[in-house]
Amino acid sequence: YTFAKIWLLKAQFEIRQGELTTARKTLGQAIGMCPKDKLFRGYIELELKLFEFVRCRTLYERFLQYNPANSQTWVKFAELERGLDDLDRTRAIFELAVGQPVLDMPELLWKAYIDFEEEEGEYERARELYERLLEKTDHVKVWISYAHFELGASEEDEADDENEEQPVSEEAKARARKVFERGHKGMREQDLKEETVTLLNAWLSFEKAHGSAEDVEKVQKQMPRRVKKR
């Protein structure tokens with residue numbers, strides 16, 4: 001058994017005996033002696049089952065003081081607040097998270113933050129997040145994701161009937177195309193050949209689905225030509 005496993009088993013035994021206060025003291029003592037991710041997760045899971053959300057908040061705060069680079073924990077904390085319909089706190093947690101100097105999986109965190117704003121219909125906020133993310137990294141996957149977001153982002157006048165699937169508007173296509181153009185320009189300026197091809201392939205798929213024959217041809221012309229070796 002690992003250190004964390006032994007303490008969690010002890011606390012679970014105490015809970016089965018109806019000694020909740022003792023179980024909490026056990027886990028608190030364990031975290032004080034030797035904080036581990038597994039201990040924090042186990043303690044939070046216990047309090048979640050008891051619907052003790054204030055205690056969960058306190059534990060998440062302690063967990064993140066111990067390990068502020070843990071992206072998954074930031075996301076889980078934000079999900080807790082969102083589940084409690086506290087969108088301001090959710091947003092504040094995400095903001096604290098993306099402001100950390102070191103994160104183990106920053107892409108996971110940024111995606112969760114953007115998805116949250118998009119799911120809440122806050123398209124302008126999501127757009128701002130993409131722009132902020134591109135200041136930190138201009139990875140080709142971010143550009144492609146941004147373009148796909150613009151394609152799916154509804155305008156206000158399109159949201160009248162959410163149950164009916166709306167056709168993609170010309171405005172949405174234009175926004176997505178502009179993102180592809182910006183990404184392509186940046187990749188070429190940095191002479192990132194492999195990334196340029198990846199972006200062009202995604203752009204070409206987009207134009208085949210949503211553009212005209214002229215749009216498709218325009219992208220095809222930008223594809224690097226393969227030189228046959230003699």
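Asp-85 is found in the loop between α5 and α6, where helices (H or I, at least four residues) and strands (E, at least two) are DSSP runs, numbered from the N terminus. The model is predicted, so that local features need pLDDT of at least 70 and side-chain atom pairs count only at pLDDT 80 or more, while totals for chains, interfaces and linings use all residues. Residues are numbered from 1 along each chain as its sequence is written, and side-chain values use heavy atoms, with hydrogens and water left out.

**Exercise 1. Backbone and exposure in the loops**

Determine the sign of phi for Asp-85, and decide whether Asp-85 is buried or exposed.

Solution. Begin with the backbone: phi of Asp-85 is near 60°, which is a positive value in a residue other than glycine. Next, take the accessibility: Asp-85 has a relative accessibility of 68% and counts as exposed, given that buried means under 20% relative accessible area, exposed over 50%, and partly exposed in between (1.4 Å probe, protein chains only). Finally, look at another loop, the one between α10 and α11, which holds Asp-191; although Asp-191 is not a glycine, its phi is positive too, at about 60°.

**Exercise 2. Packing of α6 against two helices**

Describe how α5 and α6 are oriented to each other, and do likewise for α6 and α8.

Solution. Two packed helices are described by the angle between their axes and the distance between the axes. Axes are lines fitted to C-alpha atoms, for helices over the stretch in contact, and angles run from 0 to 180 degrees between N-to-C directions. Angles under 35 degrees count as roughly parallel, over 145 as roughly antiparallel, 65 to 115 as roughly perpendicular and the rest as oblique.

Step 1. The axes of helix α5 (residues 71-83) and α6 come within 7 Å and cross at roughly 170°, and the two helices are therefore roughly antiparallel to each other. From α5 the contact (heavy atoms within 4.5 Å) draws on Trp-74, Phe-77, Ala-78, Glu-81 and Arg-82, and from α6 on residues including Leu-87, Arg-89, Ile-93 and Phe-94. By class, the residues of this contact are 8 nonpolar, 1 polar and 3 charged, where Ala, Val, Leu, Ile, Met, Phe, Trp, Tyr, Cys and Pro count as nonpolar, Asp, Glu, Lys and Arg as charged, and the others, Gly among them, as polar.

Step 2. For α6 and α8 the angle is about 10° and the axes are 13 Å apart, which makes α6 roughly parallel to α8. Arg-91, Glu-95 and Val-98 of α6 meet Arg-125, Leu-129, Arg-132 and Lys-136 of α8, a set that divides into 2 nonpolar, no polar and 5 charged residues.

**Exercise 3. Salt bridges**

How many salt bridges does a search of the whole structure find, and which parts of the chain does the pair of Arg-132 and Glu-95 link?

Solution. Side chains of opposite charge can pair when their charged atoms come close. With a salt bridge taken as a side-chain nitrogen of Lys or Arg within 4 Å of a carboxyl oxygen of Asp or Glu, the search of the whole structure gives 24.

Step 1. Arg-132 pairs with Glu-95, their closest N and O atoms being 2.8 Å apart. This pair links distant parts of the chain, helix α8 (residues 123-136) and helix α6 (residues 87-98), at a separation of 37 residues. Arg-132 is partly exposed at 31% relative accessibility, and Glu-95 is partly exposed at 32%.

Step 2. Glu-207 and Arg-177 form a salt bridge whose closest N and O atoms lie 2.7 Å apart; it joins helix α11 (residues 193-210) to helix α10 (residues 170-189), the partners being 30 residues apart. Both Glu-207 and Arg-177 are buried.

Step 3. Arg-57, Glu-81, Asp-86 and Arg-89 are linked in a network of salt bridges.

**Exercise 4. The nonpolar core**

Identify the helix that gives the most residues to the largest nonpolar core, and list contacts of Phe-180.

Solution. In soluble globular proteins, nonpolar side chains tend to be buried together. A nonpolar core is a set of buried Ala, Val, Leu, Ile, Met, Phe, Trp, Tyr and Cys residues joined through side-chain atoms within 4.5 Å. The largest one has 61 residues, and those touching the most other members are Leu-27, Leu-39, Trp-74, Phe-94, Leu-109, Phe-180 and Trp-203. Helix α9 (residues 140-152) gives the most to this core, with 8 residues. Leaving aside neighbours within four places in sequence, Phe-180 is in contact with Ile-144, Ala-147, Leu-199, Ala-202, Trp-203 and Phe-206.
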